[in-house]
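Look at the structure below and keep the sequence at hand. The paragraphs that follow go through it one part at a time.

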Amino acid sequence: METAAKCYIGFRGKRNTVIKGIRGHIGAEKKMIYLDNAATTKPNPKAVEAMLPYLYDAYGNPSAVYSLGAGARKALNQARRTIAESLNAGPEEIFFTSGGTESDNWAFQIALKRMEKKGRHIITTKIEHHGILHTCKAWERQGYEVTYLDVDGEGFVSPESVEAAIRPDTVLVSIMFANNEVGTIEPIAEIGKLTREKGILFHTDAVQAYGHLPIDVEALGIDLLSASGHKFNGPKGVGFLYVRASVKPVTMLQGGAQESGYRGGTENVPGIVGMGKAAELAMDTMEERREKETMLRDYLIRRMLAEVESCRLSGPRENRLPGHASFVIPGIEGESLLILLDMKGICASSGSACTTGAPEPSHVLTAMGKSEAEAKGSLRLTLCAENTMEEMDTVVAAVKEIVQRLRSMTGMYRSRD
Ligand SMILES: *Cc1c(COP(=O)(O)O)cnc(C)c1O
């Protein structure tokens, strides 16, 4: 209630618009420590503000001839240019979608159609997001073969294993830029060099990386790239797919001439504008955010490992996402830990949000060689530059206390000393 009112004040005066307060938005009214930025990020108020005109007065259809429509069209083009520039791509190579999942699905449709004469073999990893893994399963049912590469104990896929998996009929390599559960940043440049040499298309799910790490699709040899607005402080339900100009897209949605005719349907103008603004802000502030997040992350990791008995880091020390900390804590159930943390106003996750509530342990942690029991006691703390050292102290104290309580209750855990 209070936040909603606050962020509208300036706007109301400027645009003379009647704005009703937002009532009863669950969970957003109390003060909390948000450490689940890999699941979603807080929208940047400047991105929200950039959206508002397109939700109120500037509602014209971008395809219309009158100026109300032309204004919306201009805003879409601006967002497209901003995003293209951020990747060292051209605006004609950016296609707006409903988010990371759609971009992943579409990337496969494009790559497999364009390469259908060459073969039906795909290479990916065991630690991809379900947006990729379930897409692979669907293509397997269509007669495609998929190689799921192993990763090492820190979640890295080796370029050598990619090379070894390549066959004459391999058409697509899809490997995520950075992992959402453990934060590992994959050796994208080496893989891109390899696929380029072999004439294979290279897709990367960069949903966790875009807006957080610098990405140059030319330098990295990327042909297709997925990103999602709500993972870089933009709105939900909007994302984009980069498609290299030499790779002709296929139609995702039959309909009007939107998105060069490849994705019909009136554009999500407010969402795209918000995402464009979020992209611009993310690029402008990337370095300072990265520094702050890395500092907070390393402090948090150091204290967690020192003070929570038997706690171990998942994923690497180096080459991990700046705001990403992930642990296994033997002798506890991740779910119970999360519920008790929530009661202390701390938002965290165990494994990925998409599998929370499901009984199986994380496919990422098991691929990294963790046992089922270890994978069940996982805790993911993903922070942003707005977090503070005091919050890190509060979280460590809370985890310490809860872990001790849970261990003494269940008696599952035996100290090793
Ligand atoms: C969040 C996420 C997605 C899905 O993005 P949506 O916009 O929520 O569909 C895909 N891949 C990765 C790595 C993610 O973290």
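In this predicted model, strand β10 and strand β12 (residues 378–382) are paired in the antiparallel sense, over 5 bridges. One of the facing pairs can be picked out by name: Ala325 has Leu381 in β12 as its bridge partner. β10 also pairs with strand β9 (residues 312–313), again in the antiparallel sense, here over 2 bridges. In that pairing Arg312 is found opposite Val328 of β10.

Which way do the residues of β10 point? His324, Ser326 and Val328 point one way, while Ala325 and Phe327 point the other way. In a regular strand, side chains alternate between the two faces of the sheet. Strand β10 covers residues 324–328 and is mostly covered, with 5 of its 5 residues buried.

Another part to find is an open sheet of 7 strands, in the order β2-β8-β7-β6-β5-β3-β4, with mixed pairing. Why do β2 (94–97) and β4 (145–149) each have one side left without a neighbour in the sheet? Both stand at the edges and each has a single partner strand, so there is no neighbour in the sheet on one side of each. From one strand to the next, the twist averages 20°. At the β4 edge, strand β3 (residues 121–125) and β4 pair in the parallel sense over 5 bridges. Within β4, Tyr148 is the bridge partner of Thr124.

Helix α4 lies across several strands of this sheet, namely β2, β3, β5 (170–174), β6 (201–205), β7 (224–228) and β8 (239–243). The helix runs at about 165° to β7. Its length can be checked with simple arithmetic: α4 (residues 100–114) has 15 residues, and at 1.5 Å a residue these should span 21 Å. The expected span is 1.5 Å times one less than the number of residues, which is why 15 residues give this value. The end C-alpha atoms of α4 are 21 Å apart, which agrees. Buried residues of α4 include Gly100, Trp106, Ala107, Phe108, Ile110 and Leu112. The charged residues Glu102 and Asp104 are also among those buried in α4.

A further buried acidic residue is Glu391, which is placed in helix α13 (residues 389–410). What is the nearest side chain of opposite charge to Glu391? It is Lys31, 4.4 Å away. A salt bridge needs a distance within 4 Å, and Glu391 has no salt bridge. Leaving aside residues up to four places away in sequence, Glu391 touches Lys31, Met32, Ile33 and Glu386.

Methods
Residues numbered from 1 in each chain as written. Predicted model: local features only at pLDDT ≥ 70, side-chain atom pairs only at ≥ 80, totals over all residues. Heavy atoms only, no water. Buried < 20%, exposed > 50% of the residue type's maximum accessible area, 1.4 Å probe, protein only. Helix = DSSP H or I, 4+ residues; strand = E, 2+ residues; numbered from the N terminus. Pairing = 2+ DSSP bridges. Contact = heavy atoms within 4.5 Å. Axes fitted to C-alpha atoms, helices over the stretch in contact; angles between N-to-C directions.
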